[in-house]
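Thanks for coming. I have one structure to go through today, so let me put it on the screen.

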There are 2 protein chains.
Amino acid sequence: MTSPADAAFAHEVPLEVLVSRAFGAEAFLELGGLLPELAEDLSGIEDRLKSVLPSEYPPLTEAVLYACTTGGKRLRPLLMAAAYRALGATSTKPVHALAAAFQLIHTASLIHDDVIDHADQRRGRPSVLRAFGLPSAIVAGDYLYVRAFELASEYPQAIILRCGEACANLAEGEVLQESGRFDLTVSRDQYLSIVTRKTATIVSAALASVGDIAGSTASIVEALAAYGRAVGIAFQLRDDLLDAYGEPDLLGKPLYADFREGNPTLLSIEAYQHLEGRPKLEYERLFARREKRPRELLKLRTLTDQTPAQSLVEAEGHHWAATAIRALAPLPQGPYRSLLERLAHAATTRRY
Amino acid sequence: MTSPADAAFAHEVPLEVLVSRAFGAEAFLELGGLLPELAEDLSGIEDRLKSVLPSEYPPLTEAVLYACTTGGKRLRPLLMAAAYRALGATSTKPVHALAAAFQLIHTASLIHDDVIDHADQRRGRPSVLRAFGLPSAIVAGDYLYVRAFELASEYPQAIILRCGEACANLAEGEVLQESGRFDLTVSRDQYLSIVTRKTATIVSAALASVGDIAGSTASIVEALAAYGRAVGIAFQLRDDLLDAYGEPDLLGKPLYADFREGNPTLLSIEAYQHLEGRPKLEYERLFARREKRPRELLKLRTLTDQTPAQSLVEAEGHHWAATAIRALAPLPQGPYRSLLERLAHAATTRRY
C-alpha cells in the first residue's frame, strides 16, 4: 500500500538536480565519483525526515509534505554528509537523524518567514501560506520544529542544546530583520549580524555537530563551525544578489522580494551609501514605500546599477567563500574536503 | 544590577493569586498547610523558566517576557509539583526544568493561537499579537518552543519524545479546530478529539513524565496520564462555559470569543442539536457569520439559554472531574493526592 506520504515523495528530486540547484550544473559535473555515495546519504536522510512527518490528521500531513517536498536544495544535509565523510567516515548513518532535523528546522523557518513576508511563492509553487492559509502555515511550522527536536533527541544533550541555540538565533535574526525593515541606514555590520543569525549560525551548528558526532578534536569542530558560518554568509549574499539579478524561472519566485518587502541587504545598503543627491533621496523614498509598483521596483534596480553595489557584494561573497575554504585547513586532505571547498566557491557563483 | 528580565518578574503573581485564578478562592483556602511548599516549588520552576528566556536581542526578550509574565494560572507547573509530591518526593527540583518547559510550550501555543484567532486580548492585557505585531508574535512562539526543548533536553530521550508527541498533538488539534470553524455539525466526539489534542494531551504528558522522573511503576504513570487527560478536558469544558457565562473582568478578556470566531464548543454543539425550527436555522446562520455584531453574539447566547446546553456541559465537566479523581486510585493516599482530587473538582467550578 502506498501511503499519502510515499506518494508525495515519489516526486523526489534526484541528487543531480539538487546539486545543480544548489551549486550550478558545473559543480555537479565536478562531483564525479562522489555522487553515488552522496546520493545514498541524502536518500537515507530523506527517509528519516519522511519517518517523522506523517500526522494522524491528514490535512496537517499534506501541508508539511508539501513544504518538505517542494524542491529545496538540501544544502544543510548535503554539507553535513560531505563533512562527515571528509572526517573519514564510510557511512553517514550516525548523522542522518540530525541532518533531517536541520532540514526540518530550515523548512519550518521558511514557512514562518513567508507568513511574515506575505510571500506568495516559494520554489516555483505557491507558498504554504498561500496554498493552505495562515492557520495551517503557522501550525505546520510549529509541527516541523517539534519533529526536528524529536529527531535531535537521539543525540547527546550538548548537540540538542547547540541546535536549540541556533534556532533561538534564527528567531533573533528574524526580529532583528523586522526591526530594520524599510530602513537603508542599517549598517553593513548590522546586516551581517542578521545574516549570521538567520542563515549562518544554523549551518555552522549543523557542521559543528557533525564534528562532535565523529568524535573530532575541538580544533576540527571549530574549523567546521567556522566553515559553516562562512558558507552560510556566502550563500545568503548570493541569494541577495539573485533576488535582484537572477532569472525568475530558475529561482522559482519573482525578483525584487527584498526591495518589495523593504528588507535591506548588502546590495541596497551599498547602493544607498554610494548614491548622492536626488538619486539617493529617490532610492530612499522608493525603498521605504510599503506598497511598490513594478516600475518602482525596476527603478530601484536601475539606481542600484548606477553604483558599484553589485560588484561589492560579489567581492564580499568571494571573501566569505575564501574564508570558508581557509577554515577547512585542519581537516585531512581528501576528495570530500575538496568537495567542501568546491561547494563554498560554488555558493557564490550559483545561478539558483 | 537589575536586568530587564528581573524587573519584569518583579510583578510576579503570588501563589495564592495563581491558585485562586486557577481554581477559585475556595480551593485556595483548602490548600492550607501545603501552600508554603508549593510556593517554593512554583518559585523554583519560575527560576528555571526565567533562566532561558533572555535573548541577546532585547526586543525579543521583551516580547517573550510579556507573554510569560502576564498572569496565567501556572496550572501545568502546579499539577506537576503536586503530583511529584504526591508520589512521596520532598523536593520537586528534579521536575522544575520540565515543568518550565511545559509552561513555555503552553505559552507558545497561546501566542500562536491568538495570531490564528486574531485575538486582541489575553489575560486582561493586549495579546502579544496586538502589543508587538504579527512578526514578533510568530517569532516569540517559535522561540519559546525552542527554549522549551532546550529545557527538556536535560531528561531522558523518552521524556523528550513524549513532550514532542504532545506538541505534535497540539498542532493537530489546532488544524482540526480550524477545519471545523463555523460548522455546528461537528460531533461531540470530534469536539472531544480537538480538546484532547489541544489541551488534554499536553497535561497528560506533563503528569506522566512526572511519574517517569519519580521512577514510578507503569500503573502509576498511566494513572497520572489518565488524570491529566481528564483534568485537561474538564478544564477546557469550563473554559468554554466561562466564555459564554463568565465575568469579563475576572476572565481578562471579552466574552463570546468562541461564538465570534465560529469555534464550535460542546456548548454550541449541544445548543444547536437541541434547537428546532426557525431558532435552529437562526443559530446556524448567526454562528456561520464571519463578522458578528455584539447583538448577534448576544442572540447566540440567548438562543443557547433556551436549550439545556449549559447544564449538559456542566454535567460533562463533572463527569471528567470524577474520571480524573477515580484515575488517581493507584496513588498512595496523602495530602497531595487529596489536593490533586480537589483541584480536579475545582477545575469544573472555577469562575476564572
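A:Phe182 is partly exposed, since 13 other C-beta atoms lie within 10 Å, and 20 or more would be needed to call a residue buried. A:Phe182 sits in the loop between H9 and H10 of chain A. Its phi is positive, about 65°, although A:Phe182 is not a glycine. As background, most residues other than glycine have a negative phi. Please keep in mind throughout that this is a predicted model.

Chain B has a similar case to show. B:His118 is not a glycine either, and has a positive phi of about 50°. B:His118 belongs to the loop between helix H6 (93-116) and strand E1 (121-122) of chain B. B:His118 counts as partly exposed, because it has 13 C-beta neighbours inside 10 Å. A glycine with a positive phi comes just after H5(B): B:Gly88, at about 105°.

Now back to chain A and the two helices on either side of that first loop. How do H9(A) and H10(A) lie relative to each other? The axes of H9(A) and helix H10, residues 188-213 of chain A, come within 7 Å and cross at roughly 170°. An angle over 145 degrees counts as roughly antiparallel, and therefore H9(A) is roughly antiparallel to H10(A). On the H9(A) side, the residues making the contact include A:Ala158, A:Ile159, A:Arg162, A:Cys163, A:Ala166 and A:Asn169. On the H10(A) side they include A:Ile194, A:Arg197, A:Thr201, A:Ile202 and A:Ala205. By class, the contact of H9(A) with H10(A) has 10 nonpolar, six polar and six charged residues.

One residue from that contact is a useful place to stop, namely A:Thr201 of helix H10 in chain A. Is A:Thr201 buried or exposed? A:Thr201 counts as buried, because it has 24 C-beta neighbours inside 10 Å. Leaving aside residues up to four places away in sequence, A:Thr201 touches A:Ala166, A:Asn169 and A:Thr196. Of these, A:Ala166 and A:Asn169 are also listed on the H9(A) side of the helix contact. A:Thr201 and A:Arg229 are 28 residues apart in sequence, but their C-alpha atoms are 5.9 Å apart in space.

H9(A) also brings us to the contact between the chains. How many residues does each chain put into that contact? Chain A gives 35 residues and chain B gives 35 residues. On the side of chain A that touches chain B, helices H4 (58-69), H6 (93-116), H8 (134-152) and H9 (157-179) each supply at least two residues. The largest share comes from H9(A), with 13 residues. Sorted by class, the chain A side has 20 nonpolar, seven polar and eight charged residues.

How are the copies related? In general, two copies of a chain are related by a rotation about an axis and a shift along it. Here, a turn of 180° and a shift of 0.0 Å along the axis lay chain A on chain B with an RMSD of 0.0 Å. That is the relation of a two-fold axis. The copies meet through the same surface, because 100% of the interface residues of chain A are also interface residues in chain B.

Next, two single helices. Helix H5 of chain B, residues 75-86, has 12 residues and reaches 16 Å from its first C-alpha to its last, close to the 16 Å expected at 1.5 Å a residue. Of its 12 residues, 12 are buried, so H5(B) is largely enclosed by the rest of the structure. The buried residues of H5(B) include two arginines, B:Arg76 and B:Arg85, and also B:Tyr84.

Helix H3 of chain A, residues 35-52, has 18 residues and reaches 26 Å, close to the 26 Å expected at 1.5 Å a residue. Among the buried residues of H3(A) are A:Leu38, A:Leu42, A:Ile45, A:Leu49 and A:Val52. That list also holds A:Asp41, A:Glu46 and A:Arg48.

Last, two residues further along the chains. A:Leu298 lies in helix H16, residues 294-305 of chain A, and is partly exposed, with 14 other C-beta atoms within 10 Å. The C-alpha atoms of A:Leu298 and A:Leu286, 12 residues apart along the chain, are separated by 10 Å. B:His319 is in helix H17, residues 309-327 of chain B. B:His319 counts as partly exposed, with 15 C-beta neighbours inside 10 Å. From B:His319 to B:Thr90 is 229 residues in sequence and 32 Å in space, C-alpha to C-alpha.

That is where I will stop.

Conventions
Residues are numbered from 1 along each chain as its sequence is written. Chains are lettered from A and ligands numbered from 1 in the order in which they are written. This is a predicted model: local features need pLDDT of at least 70, side-chain atom pairs count only at pLDDT 80 or more; totals for chains, interfaces and linings use all residues. Two residues are in contact if their C-beta atoms, placed from the backbone, lie within 7 Å. Helices (H or I, at least four residues) and strands (E, at least two) are DSSP runs, numbered from the N terminus. Ala, Val, Leu, Ile, Met, Phe, Trp, Tyr, Cys and Pro count as nonpolar, Asp, Glu, Lys and Arg as charged, and the others, Gly among them, as polar. Copies are superposed by least squares on the C-alpha atoms of residues with pLDDT of at least 70 in both. The expected span of a helix is 1.5 Å times one less than its number of residues. Axes are lines fitted to C-alpha atoms, for helices over the stretch in contact, and angles run from 0 to 180 degrees between N-to-C directions. Angles under 35 degrees count as roughly parallel, over 145 as roughly antiparallel, 65 to 115 as roughly perpendicular and the rest as oblique.
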